[in-house]
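Please look over the sequence and the fold below. The report that follows goes through selected strands, rings and loops.

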Amino acid sequence: MNEPRKLHKSYILFPVLKGLQTLVPIFMLLAIREGEWRWIPFLILLGVSALFAGFGAVGWRTFRYRLEEDRLIIQKGLIFHEEKMLYYHRIHSMNTEQPFVQRLLGVVQLKFEMPGGKNEADGVLPAVSAQEAARIIREINAFLSSSGYSPVAAENSEGNGSTEKAMETDAVPAVTKSRLPHTASAEKTGVYAYRATAGTLILAAFSTLNIGLIAACVAGVSSLADNVLPGNVYARLWNARNELHGGWVVYVLLGLGGLAAAWLLAGLLYLLKYAGFTVRAEAGTLTVSYGLLEKKKHTFQESRVQAVLIKEGLVRQLLGRAQIELRVVSSSKGEKIMLMPLVSAKRIPQLLPQLLPRFSLPDIESRPPARALLYYSRTDGVVVAVLAAAAVYFWGPFALWGLLLLPLDFLWSYSRFRSSGMTLQGNQLTVRGRMIARSTWLVRRPQILSLRMKGTRTQRRKQLLSLSASIMGDTGSAECEVSFIEERDAQRVWSWYSRSADHAQAKN
């Protein structure tokens, strides 16, 4: 049994630095209030920092963790003592992160994710050295490799009593150097690593428009601007629009300029987030690391992957490229582990089984029939037509260009119709659909929490149903859906998931 260990001593400064992030701007405004420099706010700030340092010292002295034979025990708290026990075989992933405070102090944060689906990680070591984090991960992985525990066999048990043969960690198929893009492999050790080149990251960053990153950045800038800029600056900018000459052309140019700025901003944020992207595969364990300002490292077993998502944006699809994301149970619901930021779509069927032996990318076999095209275009077509008619009514002939949205909407609906489909193969369900980007979900039956079929009376009379699957861990599976497919195909998936076929076979 290992002796209890403490966190890195820099943990004492955590409350101080986190408090300063909030208090310094406030005390700066108080210090220069009415154009006069005041020292009293800084003296108060110094006293508050000393108080926070005292809290940090108490937290550091009362925080203990130790690695036992098959579990990790975390103890903390002075007045309210808390103790957590994490069994190694229940850990889904181990994530090494380095937020701003940790990076400033030269330490990392180690998070242990369990299948509970909470809003925060089940176990966190907020301040350990990089060497200590690597040692902990190495010991836990060594236990999982030597204990004989096989999560693959436990997840793949079938209803008829048969069990798929578990893939042992030593039985991972060998990967040759030529099969992985930009791969540096060590044939003797069986360790294979992928590192995204600068050109790959730049192409990945500027071949898509990441609305989520833009929204987060704009919200942060707007919040800062509200505290710095005068209160009526937005009103003055809005009134200044009347002084612009050129009519609607100016507004169109401003709109295009805004889109170009958003595209550039999204690309830069993408580069900051995924700079230094690497993937390391060793004996069934995957390690994904990335980040320039905030470094992150995710370590998890291949058997813990709940689903695989292959996304192809419009530009990337024209270039024959795609990105591969993984869904792993995590306390961060918005966290999507990237396996490949950009890869040739033609290489995915050969690449995927090498890194994730349980998954494959088959061809789409079942597609919506021709009579389903109406349901893909009916609702949004009516909405676009109403909006175009309203624009013509209020703005006259100048709004006739809005009628061009009707053929564009039909092309978009037809693209969704052509992209939709599903394939049921063995123990895996493959679902493909499109909103803007084309998404292909690869989900295995043990990881599906629930399956839902729906359809209106009219759709059921035409033998059309929509099928959606909910993935284990509440990892944002709302998009795992295929709409208006043949009823017999949906019933076939329903029987596969409910195991009625297994029961019938066992009865016979």
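In which sense do strand 12 and strand 17 pair, and over how many bridges? The two pair in the antiparallel sense, over 6 bridges. Note that this is a predicted model.

## Strand 17 and its partners

Strand 12 covers residues 305–312. Its Ile-310 stands opposite Thr-440 in strand 17.

Strand 16 is another partner of strand 17. Strand 16 covers residues 428–434 and runs antiparallel to strand 17, with 7 bridges joining them. Here Val-431 stands opposite Trp-441. A hairpin of 3 residues connects strand 16 to strand 17.

## Burial of strand 17

Is strand 17 enclosed or open? Strand 17 spans residues 438–444, and 7 of its 7 residues are buried, so it is largely enclosed by the rest of the structure.

Both sides of the strand are covered in this way. Arg-438, Thr-440, Leu-442 and Arg-444 point one way, and all are buried. Ser-439, Trp-441 and Val-443 point the other way, and they are buried too. Two arginines, Arg-438 and Arg-444, are thus among the buried residues.

## Cys-480 and its contacts

Cys-480 sits in the loop between strand 19 and strand 20. Cys-480 counts as buried because its relative accessibility is 1%.

Which residues does Cys-480 touch, leaving out those up to four places away in sequence? Two of them belong to strand 17: Trp-441 and Val-443. Cys-480 also touches Val-431, the residue opposite Trp-441. The rest of the list is Leu-467, Ser-468 and Ala-469. Leu-309 is a further reference point. Cys-480 and Leu-309 are 171 residues apart in sequence, yet their C-alpha atoms are 9.2 Å apart in space.

## Aromatic pairs around Phe-484

The structure holds 13 aromatic pairs. One of them joins Tyr-375 and Phe-484. This pair is tilted, at 5.5 Å centre to centre and 35° between the planes. It links distant parts of the chain: Tyr-375 is in helix 12 (residues 373–395), Phe-484 is in strand 20 (residues 481–486), and 109 residues separate them. Tyr-375 and Phe-484 are both buried.

Phe-484 also pairs with Tyr-376. That pair is edge-to-face, at 5.2 Å centre to centre and 85° between the planes. Tyr-376 lies in helix 12 and Phe-484 in strand 20, so the pair ties together parts that are 108 residues apart in sequence. Tyr-376 has 2% relative accessibility and therefore counts as buried. Phe-484 has 12%, so it counts as buried as well.

## The ring cluster and a charge over a ring

Which residues do ring pairs link into a cluster with Phe-484? They are Tyr-375, Tyr-376, Phe-410, Tyr-414 and Phe-417.

A separate ring has a charge over it. The charged end of Arg-416 sits over the ring of Trp-412, at 5.0 Å from its centre.

## Positive phi values

Most residues other than glycine have a negative phi. Phe-484 has a positive phi of about 55°. This residue lies in strand 20.

Gln-463 has a positive phi as well, near 60°. Gln-463 is found in the loop between helix 14 (457–461) and strand 19 (464–471). Is Gln-463 buried or partly exposed? Its relative accessibility is 44%, so Gln-463 counts as partly exposed.

## Glu-302 in its loop

Glu-302 lies in the loop between strand 11 (295–301) and strand 12. With 9% relative accessibility, Glu-302 counts as buried. What does its side chain join? A polar contact of 3.2 Å joins the side chains of Glu-302 and Arg-358.

Arg-358 is one of several contacts of Glu-302 outside its neighbours within four places in sequence. The others are Gly-284, Leu-355, Leu-356, Pro-357 and Phe-359.

## One face of helix 6

Helix 6 runs over residues 198–206. Its Thr-200, Leu-201, Ala-204 and Ala-205 are buried. Seen down the helix axis, the buried residues fall within an arc of 130°, so they line one face of helix 6.

Conventions:
Residues numbered from 1 in each chain as written. Predicted model: local features only at pLDDT ≥ 70, side-chain atom pairs only at ≥ 80, totals over all residues. Heavy atoms only, no water. Buried < 20%, exposed > 50% of the residue type's maximum accessible area, 1.4 Å probe, protein only. Helix = DSSP H or I, 4+ residues; strand = E, 2+ residues; numbered from the N terminus. Pairing = 2+ DSSP bridges. Phe/Tyr/Trp six-rings, centres within 6.5 Å; stacked < 30°, edge-to-face > 60°. Lys NZ or Arg CZ within 6 Å of the ring centre and 35° of its normal. Polar contact = N/O pair within 3.5 Å; in protein donor to acceptor, adjacent residues only side chain to side chain. Contact = heavy atoms within 4.5 Å. Arc of directions from axis to C-beta.
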